[in-house]
Amino acid sequence: MNNNIDPKLNWLKNIPKRAGDLYFSLCESKGNAIHKNEFQAYVFDAGLTSIDFRLKNFFEMLDSMGETINFEEFINLMNLGGLLIERALRGELAVPDFKKFSNNLDKIYDEVIDNKSGELANYIPPLAEVNPEQFGIAVVTADGQVYQRGDTNVDFSIQSMCKPFNYCIAIEELGLEKVNEHVGAEPSGRLFNDLTLMMRNMVSENLSSDSKIPFNPMVNPGAIMTTSLIKSKSSTTERLNYVREQIGKSIGWDSEGKSGIDIPRFNKNMARQENFKGYNNIAAGFLLMATGNIPYSDSTLPKDKLANDKYDYDFYFEPAVTDALKVYFSLCSLEMTAKDVAVAAATLANGGVCPLTQQRVFGQKTIRDVLPVVQTSGMYNSSGQFFQEIGLPSKSGVGGGILLVVPKVMGICIFSPRLDLAGNSVRGIEVARKITSKYLVHIFDSTMTDIDRVDPRLKIAKWRANNCGEAIWAASYGDVRTLEKLLGQQRDLKYGNYDIRTPLHLASAEGQLDVVKFLLENGVKPIPDRWGGYPISDARNNNHLEIVDEFLKLDIDYSEPFHLIEEPNGKTDKIEKYDDELAIIEFLFAASENDVDGLRQLVAKGIPINVGDKDSRTSLHLAAAEGSLEAVKYLINHGHPLSVRDRWGATPLDEAIREKRQHVIEYIKELSK
């Protein structure tokens with residue numbers, strides 16, 4: 001249990017530490033009670049919603065409570081919310097900084113909405129009649145966090161976005177080996193409706209050299225082929241509804257209606273119009289039959305009813321072809337919302353388990369086999385460039401949707417009907433570019449060192465801590481090998497922490513001569529910290545004269561640091577220690593940026609409120625220095641002492657005075673009376 005609770009609440013020391021830390025972190029002041037509205041806001045900020053049927057009982061109990069929640073009520077709530085609510089409050093969901101993530105998506109939406117380039121799909125009449133101004137972005141994470149902005153609850157025609165799911169369903173039913181006999185996995189580099197796409201010779205262990213099958217299931221011939229394999233012995237209506245149910249399960253639908261989520265809707269008029277205008281698709285279907293890929297139906301050839309007419313006969317169409325085309329047109333005519341598609345994409349990202357129901361819809365191996373094909377072929381003849389730039393499995397449809405899969409993290413759907421020449425949503429492409437320019441989600445981002453883009457799987461404060469922590473620790477401990485590794489990764493070794501304390505400062509303070517030489521030899525120049533102090537001052541103050549000599553060789557006009565200490569012999573409060581140094585740096589970054597949520601989540605994990613770093617800097621020092629008044633209030637209300645002193649003897653009040661943070665000064669002085 002946290003050591004800084006109000007003495008009147010010593011009973012909290014007798015409760016389990018995990019529950020006690022979580023309760024204490026949420027209290028307004030030293031463990032007295034939790035405000036219901038604030039508690040609810042924390043849950044919403046984490047990306048969970050009151051219409052999430054997983055949390056139905058939790059929100060019903062929360063709504064029935066008064067303005068404040070005591071510990072016993074809190075435990076009852078947590079029993080209903082389960083681990084999902086606990087992880088949300090501790091910042092441990094798939095996207096832990098969901099509030100900031102949502103704010104950044106809002107900015108992207110506002111930047112992209114003015115883009116009105118592109119044209120509606122006009123070869124299917126209903127698509128030419130949709131409102132071109134519609135625009136929505138929906139994100140659903142592997143934990144079921146939800147972001148929605150714009151037209152995300154509007155039904156639209158998913159068109160080719162059905163193809164990844166059809167492919168999954170076919171593989172689940174028949175197995176990959178059998179499906180591979182009928183459709184390949186190679187990028188085509190051609191338009192989605194190109195009639196040559198079933199004529200490529202495919203050579204593999206299981207196919208002869210003259211086998212001709214569609215390139216892949218993401219282009220129309222391959223998709224028609226895939227559709228022909230699904231429940232091929234059943235009626236077209238049964239096949240359509242079977243696929244609807246499987247896709248429905250991927251968005252959280254259940255046959256008993258418990259989830260309140262609708263199964264994908266079938267637009268009969270759209271399907272008929274596709275039939276009337278889909279000449280290329282019809283031609284592709286018969287070419288697939290001509291190459292022997294679509295199996296003949298079991299029905300016997302009909303007798304000629306016009307046998308007595310010398311010049312006329314009954315014209316025959318192979319039912320296997322027409323049935324496959326009918327089902328394919330029907331699946332392309334399904335309608336879903338951007339929110340629905342984002343959940344389905346999140347199911348793919350989550351290894352085949354729907355994040356809203358925790359029900360396995362597709363096998364893990366199926367997902368592993370399908371996503372590479374989606375990644376290399378899902379964006380038609382711009383798939384290669386899209387993969388190179390965006391680096392995510394993605395599938396578009398001429399109805400204006402684009403789905404993106406960030407494995408293990410989230411599914412994204414952007415809906416906007418205006419299309420580019422390749423048949424992809426113009427706004428959708430732009431949103432995807434902006435997301436990958438802001439966040440480290442490209443599959444090959446792990447090969448890069450980039451401190452300008454954020455990993456959405458980390459809290460912002462933790463991301464900052466990761467970027468500076470390892471180098472600072474290595475420098476302070478004299479670990480040149482780790483610094484060599486970081487340099488090889490193109491890490492910026494002059495990057496500092498919340499006080500602009502760099503590896504060179506810490507190495508100088510700790511007397512690590514070899515580290516100082518290594519950094520200087522590799523072009524790391526000394527820079528001043530928060531107080532204007534260069535590393536030479538740290539070396540001089542700690543009597544590391546050899547290091548001082550190294551800095552004197554440089555042609556730099558060093559300034560001296562200014563540390564304001566009003567009462568050097570005043571009271572000194574205890575600073576706590578903690579084993580996780582990265583968590584300490586994260587905690588101090590959160591305080592410096594007025595990130596009260598970040599502070600609260602770390603307190604919920606058990607970090608002491610008055611923990612200090614290698615310079616004995618605490619969260620209150622940083623919050624006071626940056627004028628982060630809300631963070632100052634949270635820390636003090638949760639027991640942070642006022643008279644902690646850093647390496648140089650400065651208190652948080654000294655820091656606020658030096659930085660002229662008047663609101664913080666007044667608040668702390670009022671408490672000190």
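**Notebook: cysteines and positive phi values**

I looked up Cys-413 and found a relative accessibility of 0%, so I entered this residue as buried. The model I am reading is a predicted one.

I then asked where the closest cysteine sulfur to that of Cys-413 lies. It belongs to Cys-162, at 14 Å, which is too far for a bond. A disulfide would require two cysteine sulfur atoms within 2.5 Å.

Under that cut-off, I recorded a count of zero disulfides. Cys-168 likewise takes part in no disulfide, and I noted its nearest cysteine sulfur, that of Cys-162, 12 Å away. I also checked whether Cys-168 is buried or exposed. Its relative accessible area is 0%, so I listed Cys-168 as buried.

I next turned to the backbone angles. Ile-500 is not a glycine, yet I read a positive phi for it, near 55°. I placed Ile-500 in the loop that runs between helix H18 (480–488) and helix H19 (503–510). Its relative accessibility is 39%, and I therefore classed Ile-500 as partly exposed.

Lys-660 was my next entry. I found its phi to be near 60°, again a positive value in a residue other than glycine. Which helices flank the loop that holds Lys-660? I identified them as helix H27 (652–658) and helix H28 (662–672). For Lys-660 I noted 68% relative accessibility, so this residue went down as exposed. The cut-off I applied for that label is over 50%.

Key: Residues numbered from 1 in each chain as written. Predicted model: local features only at pLDDT ≥ 70, side-chain atom pairs only at ≥ 80, totals over all residues. Heavy atoms only, no water. Helix = DSSP H or I, 4+ residues; strand = E, 2+ residues; numbered from the N terminus. Buried < 20%, exposed > 50% of the residue type's maximum accessible area, 1.4 Å probe, protein only.
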